[in-house]
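Subject: Handover of a structure and summary of findings

Dear colleague,

Please find below the structure that I am passing on to you. I would be grateful if you would keep it open while you read the summary that comes after it.

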Amino acid sequence: MTLYAQVEAALVEQINTQWQVGDRLPSEEELVLQFGVSRITVRRAIQNLAVRGVVDVRQGVGTFVAAPVITQPLTELSGFVEDMHALGLDASAEVVSVGTVAASRKVAAALDVPLGSAVTFIERVRRAEGRAISFDQTYLVADLGARIADDDLESTPIFTLLERKYGVPLVEATYRMQACLADSDTAAALDVEVGDAVFRIERTTLTTAGRPVDYEILHYRGDTVIFETKLHRRVGTL
């Protein structure tokens with residue numbers, strides 16, 4: 001095993017047994033003394049750990065233990081809590097705001113309601129193991145939204161309320177995903193810097209007869225989630 005690989009393995013062991021997410025690793029000088037190797041060897045080990053997502057190198061600040069990346073499959077319609085529980089992670093929500101707003105052109109089109117009509121608007125920060133993962137902005141059609149607004153949204157997911165409390169089956173959803181930069185509200189909610197990379201997902205969820213009931217704009221931290229799906233090639237494609 002090369003020297004840098006030995007240092008890399010030793011640091012992984014220390015990260016797993018001694019340090020927590022967000023802890024700062026010793027400086028290059030300290031690691032050189034600790035392992036009795038050259039600065040080039042230490043840098044190579046740190047670079048490899050950064051590529052693996054084990055550490056986060058912040059220029060001019062230091063090297064920190066990175067939070068583990070969550071791999072979320074896109075294979076079926078599911079909510080945040082269901083996704084996190086499937087990964088063995090504790091999920092929670094912090095309600096930022098709940099109110100009634102006039103439907104913008106995009107919201108009206110997504111929910112199939114008249115432009116300017118009243119819809120329920122809910123903002124939440126979704127967390128896994130206490131770490132902010134997603135900033136959710138949810139629009140609900142008025143008849144359901146008014147009831148859901150009075151529910152305990154920190155302990156019960158909206159999908160669960162729709163299906164189990166109000167008897168609204170969720171059949172399918174359309175997803176539109178793009179990479180973007182965090183604005184000030186998103187950055188504050190997700191504990192990132194303005195301009196950091198985030199995944200922006202627009203999701204419209206439909207009940208029976210293709211009726212939309214829920215339109216969401218979800219912002220996921222770009223450094224915490226990998227979305228994974230499986231694609232099948234069309235039969236007869238050359």
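The paragraphs below describe the sheet, the helices, the pockets and the cavity in turn.

Please note at the outset that this is a predicted model.

I begin with the sheet. Six strands form an open sheet, and their order is β4-β5-β6-β9-β8-β7. The pairing in this sheet is antiparallel. Which strands lie at the edges? They are β4, residues 91-102, and β7, residues 172-181, and each of them pairs on one side only. From one strand to the next, the twist averages 15°. You may wish to look at one pair in detail: β4 and β5, the latter covering residues 118-128, pair in the antiparallel sense over 11 bridges. V98 stands opposite I122 in β5.

Next come the helices. Helix α7, residues 158-165, lies across four strands, namely β5, β6, β8 (197-206) and β9 (212-221). The helix runs at about 155° to β9.

A second arrangement concerns α2 and α3, which pack at an angle of about 110° with their axes 9 Å apart. Because angles of 65 to 115 degrees count as roughly perpendicular, α2 is roughly perpendicular to α3. On the α2 side, the contact is made by E28, E29, L31 and V32; on the α3 side, it is made by R39, V42, R43 and I46. By class, this contact of α2 with α3 has four nonpolar and four charged residues, and no polar ones.

I turn now to the pockets. The largest pocket has a volume of about 470 Å³ and is lined by 19 residues. Those nearest its centre are D56, R58, A67, R221 and D223. β1 (55-58) and β6 (131-140) each supply at least two residues of this lining. Which element gives the largest share? It is β1, with three residues. The lining of the largest pocket divides into nine nonpolar, four polar and six charged residues.

The second largest pocket has a volume of about 370 Å³. Its lining consists of 17 residues, and E28, I46, V57, G62 and T63 lie nearest its centre. Two or more residues of the lining come from each of α2 (28-35), α3 (39-51), β1 and β2 (62-65). You will recognise two residues from the helix contact described above: E28 of α2 and I46 of α3 take part in that contact, and both are also among the residues nearest the centre of the second largest pocket. By class, the lining of this pocket has six nonpolar, six polar and five charged residues.

Finally, there is the matter of enclosed space. How many cavities of 30 Å³ or more does a search of the whole structure find? It finds one, and about 40 Å³ of space lies in the largest cavity. The residues that line the cavity are Q72, L74, S78, D83, Y175, I201, R203, L218, Y220 and F227. Two strands of the sheet, β8 and β9, are the elements that give two or more residues to this lining. The lining of the cavity divides into six nonpolar, two polar and two charged residues.

With kind regards,
Your colleague

Notes
Residues are numbered from 1 along each chain as its sequence is written. This is a predicted model: local features need pLDDT of at least 70, side-chain atom pairs count only at pLDDT 80 or more; totals for chains, interfaces and linings use all residues. Side-chain values use heavy atoms; hydrogens and water are left out. On a 1 Å grid over the protein atoms alone, a cavity is a set of points where a 1.4 Å probe fits but cannot get out, and a pocket is an open set with protein on both sides within 12 Å along at least five of seven lines; lining residues have an atom within 4 Å of a point. Grid points are joined across faces, edges and corners, and a volume is the space filled by probe spheres set on the points. Ala, Val, Leu, Ile, Met, Phe, Trp, Tyr, Cys and Pro count as nonpolar, Asp, Glu, Lys and Arg as charged, and the others, Gly among them, as polar. Axes are lines fitted to C-alpha atoms, for helices over the stretch in contact, and angles run from 0 to 180 degrees between N-to-C directions. Angles under 35 degrees count as roughly parallel, over 145 as roughly antiparallel, 65 to 115 as roughly perpendicular and the rest as oblique. Contact means heavy atoms within 4.5 Å. Two strands pair if DSSP finds at least two bridges between them.
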